Amino acid sequence: MTPKRVVIAGLGDAGVLTAIRLAGRHDVVGVSVKPGLVSGQELGVRLARPDDWARDYWIPFHRFHGLDRVRTVHGALTGADLAARTITVTDAAGAERREPFDALVIATGVTNGFWRRPVLQSPDDVELGLREAHDRLSTATSVIVLGGGAAAVSSAANLAARWPGKRVALYFRGDEILPQHHRRTRRWITKRLDELNVELYPGHRAMVPEGFGCDTITADTVHFSTGQPPACADAVLWAIGRVTPNTDWLPRDILDDDGFVRVTPQLQVPGVPGVFAVGDVAATDELRSSARNRADALAAHNVAAFFTGRRMRAYRPPGRRWGSVLGPQLDGLDVFAPNGFRFHFPAWSIRRVLQPWIVRRGIYRGVRDEVPTGRYPG
């Protein structure tokens, strides 16, 4: 029997994992604007220690054993005809091609600052982006981080840990950081920020300049709509959680009012059999939590079930965000459960057990080694 064609639109964290799970049974095509997995995770580590971040979160597609049977297409998604079961991809030269599908998994994620943008990039472009952001922050004597979510908190903590002499201030609009995490998590992270001498300014709602997309590190004075005096620093990092779903290429009738893909609990687009969505782009719940809860396994199961007529499984989102907040540190990794309890992995276990065995072999089903370049000694 001819294998069914499954197109994975977007090869970020959720897309890569879904493709790997489907590759053994189906003809899988993955479409990505990136030349590899350029994860949206651990922004703070990416900015402060890009060498460490790149080792685990920037992985060219050819290094994944699980993608050996997946045909990857490097291009931007520019259209979809769901009735005709095709998507349109435009390459760097502007040439269009149509990819037919029997099933489609939408995993194009969101745009969220300069670190998550749906722009066509080469390997050199990725490396340049890492280097520019790191160098910009390394030369600043003072940094303002705007936002109270995980990306902002992680950035402030990692910058302060990397450069103890740098003044790092975190401004956020609520009374506390991490409003979507458990109070135990908030309490522990707040204590850690205090230990790192990060200045905390709650109740500050930054005014976004007209026409500014929060996608660059600036040095402009920050004004607040909550009445406080303006603030300034050598570098201002905007991480206020202003996300835009990467869905311009999709028909409007499958999107919700905010542009996210509407899905059933089975991650299937209502009224369009065989079209699924997973990750930050999928409107599963208020937190769009399928990006962080291994819903790739459920999406892959339901795609297979669609072809065979078996029963599909339902996604059950957690009530709170959980997982790592600060990312791997020099002394190890702290992971927080949904109830706020902390689990600490010592540094030796990350390099000897967690990354090689649990992540690379277990989750990714094998990643080929590559000698690190050591580009970021600063």
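Arg351 and Asp56 form a salt bridge in this predicted model, with their closest N and O atoms 3.3 Å apart. Arg351 belongs to helix 8, which spans residues 347–363, while Asp56 belongs to helix 3, residues 50–57, so the pair ties together parts that are 295 residues apart in sequence. The two ends of this bridge sit in unlike surroundings. Asp56 is buried, with a relative accessible area of 8%, whereas Arg351 is partly exposed at 37%. Asp56 counts as buried because its value falls under the 20% limit; Arg351 lies between that limit and the 50% above which a residue would be called exposed.

A salt bridge within one helix is found between Arg192 and Glu195, where the closest N and O atoms are 3.2 Å apart. Both residues lie in helix 6 (residues 183–195), and because they are three residues apart, about one helical turn separates them. Neither partner is buried: Arg192 is partly exposed at 26% relative accessibility, and Glu195 is partly exposed at 43%.

Asp334 and Arg342 make a further pair, with a distance of 2.7 Å between the closest N and O atoms. Here the acidic residue, Asp334, is buried, its relative accessible area being 13%. Arg342, in contrast, is partly exposed at 38%. Elsewhere, bridges that share partners link Arg5, Asp27, Arg71, Arg97 and Glu99 into one network. Across the model, the number of salt bridges comes to 16.

Some charged side chains take no part in such pairs. Which residues gather in a patch of positive charge on the surface? They are Arg25, Arg310, Arg313 and Arg365. Patch members must have over 30% relative accessible area and no salt bridge, so these four arginines are without a bridge under the cut-off used here. For Arg365 the accessibility is given by a relative area of 43%, which makes this residue partly exposed. That value is over the 30% required, so Arg365 can be counted in the patch. Arg365 is found in the segment after helix 8, the helix that holds Arg351. Arg351 itself is bridged to Asp56, and because patch residues may have no salt bridge, Arg351 is not eligible for a patch even though its relative accessible area is 37%.

Definitions and conventions:
Residues numbered from 1 in each chain as written. Predicted model: local features only at pLDDT ≥ 70, side-chain atom pairs only at ≥ 80, totals over all residues. Heavy atoms only, no water. Helix = DSSP H or I, 4+ residues; strand = E, 2+ residues; numbered from the N terminus. Buried < 20%, exposed > 50% of the residue type's maximum accessible area, 1.4 Å probe, protein only. Patch = residues over 30% accessible without salt bridge, like charges linked within 9 Å, V, L, I, M, F, W, Y side chains within 5 Å. Areas by Shrake-Rupley, 256 points an atom, 1.4 Å probe, with all protein chains shown as cover. Lys, Arg positive; Asp, Glu negative; His and termini not counted. Charge placed at Lys NZ, Arg CZ, Asp CG, Glu CD.
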